[in-house]
Amino acid sequence: MVQAQDLERLAEQLSGVAETTRLDEATAAPWTVRGARPRLLCAPASAEAATRALALCAEAGAQVIPWGGGSQQRLGAPPRGADVVLVTRALAALVEYEPANLTATVQAGMRLAELQRLLGERGQRLPYDPPVAETATIGGLLATNPSGPLRLRVGGLRDLVIGTRVATPRGTLAKAGGRVVKNVTGYDVNKLYIGALGTLGLLVEVTLKVAPRPATEATWLGIFDSADAATAVAGQVLRSVLQPSALELLNARAAALCGLAVPEGRWALLARASGFRPAVERHLREFSAAAQDAERQEELPAEQGDAVWSAYASWAAARRWAPGHLTCRLALPPATVGQAGDRVATLGVEPVVWAQATGAAFWSVADDTAQASALSAELRGLATTLGGAAIVENWPDGTPDLDPWGPSGVPLELMRALKEQYDPRGTLNLGRYVGGI
Amino acid sequence: MQPGPFVRELIDLVGERNVLWRDYDLLLYEYDGSVDKARPQAVVTPETTEQVAAVMRACDRAQVPVTARGGGTGLSGGALPVEGGVLLALVKMDRLLDVDLDNLRAVVEPGLVNLQLSQAIANHQLYFVPDPSSQKACTIGGNVGENAGGPHTLLYGVTTNHVLGLEVVTPRGEVVQFGGKALDLPGYDLTGVFVGSEGTIGVATKVVVRLVPMAEAVRTLLAVFATIEEASAAVSDIIGHGIVPAAMEIMDQLAIKAVEAAYHAGYPEDAGAVLLVEVDGLREGLDEQASDIEAIAYRQGARSVRLAANAKERELLWAGRKGAFGAMGRLSPDYYVVDGVVPRSTLPKVLAEVGEVGRRYDLAIANVFHAGDGNLHPLVLFDADKPGELERVKEAGAELMRICLRHGGTLSGEHGIGVEKRHLMSEAFDECDLEQMMRVKKALDPDGRCNPGKIFPTPGQCAEIIPHPVHGLGW
């Protein structure tokens, strides 16, 4: 934390490079992260200004919270401090888009929704559909790394990001990767930033692989008496020659939020096929054949199918971050999703459970029972037993003793060594990431 | 001749049969698939992770460099021990440890040969996607080191997209885990950073890979063009039409000539270029895609378009492509493979400039490349016995790299930087970019133990690589 007089000096310096606002108790409220209330808001309008601003903060020993759309700021442990919010809203331009090359370069503050609109004008899309709010930005998405149903077919951000430019606390602007789809020119530093919660640098520009929009899409629904039975069907489809673009598992409450009537205690398997019509039709036939044991199954009419997917994305986004909710993401070996689903469906008070066949399972309850610590520990224990991990994404304020990340998937000492290299003064999001990094 | 004290220590750790130290044994390990050479002081062939860790600890104590080697097929000198020390040849660690059909994952040791993995799971109708031309000899560990690609990675991705977890021995000899069978575990994506790090931050001893079901059906087309520019325009046009084939490969006239002499793959020898396109997936819709591609090819000036009628014809078309590098021997005693990558929309311009370099240097250049992802492989033909010729070839190679950079591309799509291109890194990246990259090395291999002399530019680097004997050890 920076002393008042030093903060004033920092405010003046920042004003020289970017639009800077002093925040008081009232104006800081929307920028407050788990109790950490920032005092300055800085909105650089160029990559260079962002670099200069971050360097000034680092020199002053200030704590910086990078901010995209702010829709996922509840993720992670409470920050150790918050002096400056560095917001990328003035860095939202489309830098380069070559439809024939299937790549697009955008500034980090561009909203995903806006990018999809721009790509849509040329019959393309970013094949990436995480459950996030309309305000979510590309930079914020890289930092938090959520995935949506399309992860199944085309991978996640680690598979789509081919280049980045990052402002470093040392005051440099560093490029990684490039605008080509295949690249082994030194370390793939891009990977370091994805899912790192902004702890290693401030993303200012991102280059992504884009794809043609599918010619046709269709949606199929199967109802099963257990998550395990539904997952077995999903597994059979995944091991076959089929290439579904989504396979999602929902408990009855989650299905209801999508506008689907599923009896209590039952599970819905929602599948989507995309591409050329004859291939899509074949998928539907094969889904149906694989689901002999389903209680009920049907192909949804096109408009209903689209409506279901769009409802799914928006309620899942809202649900993940709703205040007063406990939401966990389980990262599981794919085949264990059903087992996990059946086990967690009864935990807590009427949880909403939804999962992707790639192994990401979400579990959410409105929690006013102060049970968040105990429930999340139980979920973490289960995930660990199944060979995965549990991340507590959201929890009611005031929950005691909660470690949002749990054990790291890579050795902590190596992560600390990287943090020391990239952010030696602990300027960026200190304390929020895995292991208190 | 008796082994020195350090070699005796290595022998104590891994046994006599796993240490080579006599000059004539070391000779076999002084080269890989690149044009340079460097000799280690000892070669160790560990059989277990524990042995790798023990050797790393011994090397760390003695401050000896360690260079990992898989099949030795790398084209950028990644497996050359340019500063001497221990060469860790991982060929004996070649087991397929776990085939997990439910999760579509396999766990393999690094010395397993790429094609052997795919063959071992073929009865389940599964395969490992990356298919470098050297797949009969290259190892999964080497694929991880170089982030290997191959013709069929256009639609399905390269090695980094198919590796989800690693067991790694750190430069200090600790055994650590990165990632696993589940996606997006908490923490930095060190698996993603490790893939393509050319053995410079540790040694992978287990690799968790993704297994992918084989496509049900496939259509392979050969389009014949008068010029390479037309063929590359067809590539852009196909992608522009929303079709992303499984593979799109181009060969120019010189390459066709070599391939025909060696394989009789049925490429017309008078053509300026051939474009090999493959689409796969479900039977349904595949013929429509193939006829769309055919129409586009004709629109871009194709002289003829042929669809492989059966598996045998398809294999023959691919044999020509996969054997193209080797076939160069029909035309020239030596060839130098250049690996560069450009945004695919710039291909016609870039290829014209490649031809220009060949004329200027009076060197024959054949082009065989992954056109779909803009990954060029100019093959510069030469005779190494002619004095000064290799230097001229390397200069021409550097010029080809600069063409790629000028057109928004970069230095390597799949072969890596190794020793070969490190002097060009400062042309692809500025100092800040390189510093940011080097911080990975500083964090994970602070003493520079793993594969020193790779990737990063060294000031005043000379063209010839002389191994530095590691003094004071008594090898």
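Which side chain meets that of B:Asp184 in a salt bridge? It is the side chain of A:Arg151, with 2.8 Å from N to O, and I should say at once that this is a predicted model, which applies to everything I describe this morning.

That salt bridge belongs to the interface of chain B and chain A, across which the rule finds eight salt bridges. Between these chains there are also 28 residue pairs in polar contact, with both residues at pLDDT 80 or more. If we turn to the elements of chain B that touch chain A, those supplying at least two residues each include the strand β9 (175-179) and the helices α11 (286-299) and α17 (431-444), and of these elements α17(B) gives the most, with eleven residues. Sorted by character, the residues on this side of chain B divide into 36 nonpolar, 28 polar and 20 charged.

As for the extent of the contact, 84 residues come from chain B and 76 residues from chain A, while the area buried between the two chains is about 6,600 Å², with carbon and sulfur atoms giving 59% of it. On the side of chain B, the residues that lose the most area to chain A are B:Pro186, B:Tyr188 and B:Gln436, which together make up 14% of what that side buries.

Let me finish with the aromatic rings, where a search of the whole structure finds eleven pairs over all chains. One of them joins A:Trp354 and A:Phe362, which are stacked at 5.1 Å centre to centre with 10 degrees between the planes, and both of these residues are buried. A:Trp354 and A:Phe362 also belong to one aromatic cluster together with A:Trp309, A:Tyr312 and A:Trp315.

Notes: Residues numbered from 1 in each chain as written. Chains lettered and ligands numbered in written order. Predicted model: local features only at pLDDT ≥ 70, side-chain atom pairs only at ≥ 80, totals over all residues. Heavy atoms only, no water. Contact = heavy atoms within 4.5 Å. Buried area = accessible area lost by both parts, 1.4 Å probe. Salt bridge = Lys/Arg side-chain N within 4 Å of Asp/Glu carboxyl O. Polar contact = N/O pair within 3.5 Å; in protein donor to acceptor, adjacent residues only side chain to side chain. Helix = DSSP H or I, 4+ residues; strand = E, 2+ residues; numbered from the N terminus. Nonpolar A, V, L, I, M, F, W, Y, C, P; charged D, E, K, R; others polar. Phe/Tyr/Trp six-rings, centres within 6.5 Å; stacked < 30°, edge-to-face > 60°. Buried < 20%, exposed > 50% of the residue type's maximum accessible area, 1.4 Å probe, protein only.
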